[in-house]
Amino acid sequence: APGTFHFALVADRTGGHRAGAFAKAVAALNRLRPAFVLSVGDLIEGYGDAETTAAQWRDFERVAAGFEVPFFLTPGNHDVQTAVTAAAWRERFGRSYY
């Protein structure tokens with residue numbers, strides 16, 4: 001209907017990670033064509049050194065690049081909990097709020 005829109009939420013990706021599940025969700029959301037997608041945070045596991053954290057972000061960004069609609073990131077505790085993860089967030093995305 002005119003004047004309405006739909007958006008989607010992407011849930012926590014941590015704990016019990018299932019390979020390929022996020023990519024399937026991206027493809028399904030692209031078919032639904034929401035106005036935008038919003039994350040609820042916890043996009044990476046976030047534990048480990050800078051190299052591990054960077055690898056986790058690269059994997060996430062590779063799949064998230066498949067969104068065909070605007071995708072808004074919200075950090076969760078796994079994304080910014082340690083000094084390493086907080087620095088990685090700032091380096092990639094800048095501030096942690098809108």
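Reader: Is F7 buried, partly exposed or exposed, and what is the relative accessible area of F7?

Author: Keep in mind that this is a predicted model. Buried would need under 20% relative accessible area and exposed would need over 50%, so anything in between gets the middle label. F7 sits in strand β1, which covers residues 7–10. F7 counts as partly exposed, with a relative accessible area of 47%.

Reader: Which residues form a nonpolar patch on the surface, and how much accessible area do they have together?

Author: F7, the residue we just looked at, belongs to this patch. Its partners there are F5, L9 and V40. Together, F5, F7, L9 and V40 have an accessible area of about 430 Å².

Reader: OK, pockets next. Which helix gives the largest share of the lining of the largest pocket?

Author: The lining includes V10, A11, D12 and R13, and also A21, F22 and A25. Helix α1 runs over residues 21–32. With 3 residues, the largest share of the lining comes from helix α1.

Reader: How do the residues of that lining divide into nonpolar, polar and charged, and how much space lies in the largest pocket?

Author: Among the lining residues are F22, T14 and R18. The split is 5 nonpolar, 4 polar and 3 charged. As for the space in the largest pocket, the value is about 220 Å³.

Reader: What is the phi of R33, and why would anyone look twice at a positive value?

Author: Most residues other than glycine have a negative phi, so a positive one catches the eye. R33 lies in the loop between α1 and β2, and R33 is partly exposed at 48% relative accessible area. R33 is not a glycine, yet its phi is positive, near 55°.

Reader: And D42: is D42 buried or exposed, and what is its relative accessible area?

Author: D42 also has a positive phi, about 55°, although D42 is not a glycine. Its place is in the loop between β2 and α2. The cut-off for buried is under 20%. D42 is therefore buried, with a relative accessible area of 9%.

Reader: How far apart in space are D42 and R31?

Author: Along the sequence, D42 and R31 are 11 residues apart. Going from C-alpha to C-alpha, the distance in space is 24 Å.

Reader: Let's try another pair. How far apart in space are G46 and T82?

Author: G46 is in the loop between β2 and α2, and G46 is buried, with a relative accessible area of 4%. In sequence, G46 and T82 are 36 residues apart. In space, C-alpha to C-alpha, the distance is 8.1 Å.

Reader: How many salt bridges are there, and which residue forms one with R33?

Author: The count comes to 3 salt bridges. In the one with R33, the closest N and O atoms are 3.4 Å apart. The partner, which is exposed at 54% relative accessible area, is E68.

Reader: Which parts does the salt bridge of E68 and R33 tie together, and how many residues apart are they in sequence?

Author: E68 forms this salt bridge with R33. E68 lies in the loop between α2 and β3, while R33 lies in the loop between α1 and β2, so the pair ties together parts whose separation in sequence is 35 residues.

Reader: What is the N to O distance in the salt bridge of D59 and R62?

Author: D59 and R62 are 3 residues apart in helix α2, so about one helical turn separates them. D59 is partly exposed at 32% relative accessible area, whereas R62 counts as exposed at 57%. Their side chains meet in a salt bridge with an N to O distance of 2.6 Å.

Reader: Which residue forms a salt bridge with R92, and how many residues apart are the parts that the pair ties together?

Author: R92 forms a salt bridge with E61, with the closest N and O atoms 3.4 Å apart. R92 lies in helix α4 and E61 in helix α2, so the pair ties together parts that are 31 residues apart in sequence. R92 counts as partly exposed at 25% relative accessibility. E61 is partly exposed too, at 30%. So the partner of R92 is E61, and the separation in sequence is 31 residues.

Conventions
Residues are numbered from 1 along each chain as its sequence is written. This is a predicted model: local features need pLDDT of at least 70, side-chain atom pairs count only at pLDDT 80 or more; totals for chains, interfaces and linings use all residues. Side-chain values use heavy atoms; hydrogens and water are left out. On a 1 Å grid over the protein atoms alone, a cavity is a set of points where a 1.4 Å probe fits but cannot get out, and a pocket is an open set with protein on both sides within 12 Å along at least five of seven lines; lining residues have an atom within 4 Å of a point. Grid points are joined across faces, edges and corners, and a volume is the space filled by probe spheres set on the points. Helices (H or I, at least four residues) and strands (E, at least two) are DSSP runs, numbered from the N terminus. Ala, Val, Leu, Ile, Met, Phe, Trp, Tyr, Cys and Pro count as nonpolar, Asp, Glu, Lys and Arg as charged, and the others, Gly among them, as polar. Patches are made of residues with over 30% relative accessible area and no salt bridge: like charges are joined within 9 Å, nonpolar side chains (Val, Leu, Ile, Met, Phe, Trp, Tyr) within 5 Å. Accessible areas come from the Shrake-Rupley method with a 1.4 Å probe; for residues, only the protein chains shown count as cover. A salt bridge is a side-chain nitrogen of Lys or Arg within 4 Å of a carboxyl oxygen of Asp or Glu. Buried means under 20% relative accessible area, exposed over 50%, partly exposed in between (1.4 Å probe, protein chains only).
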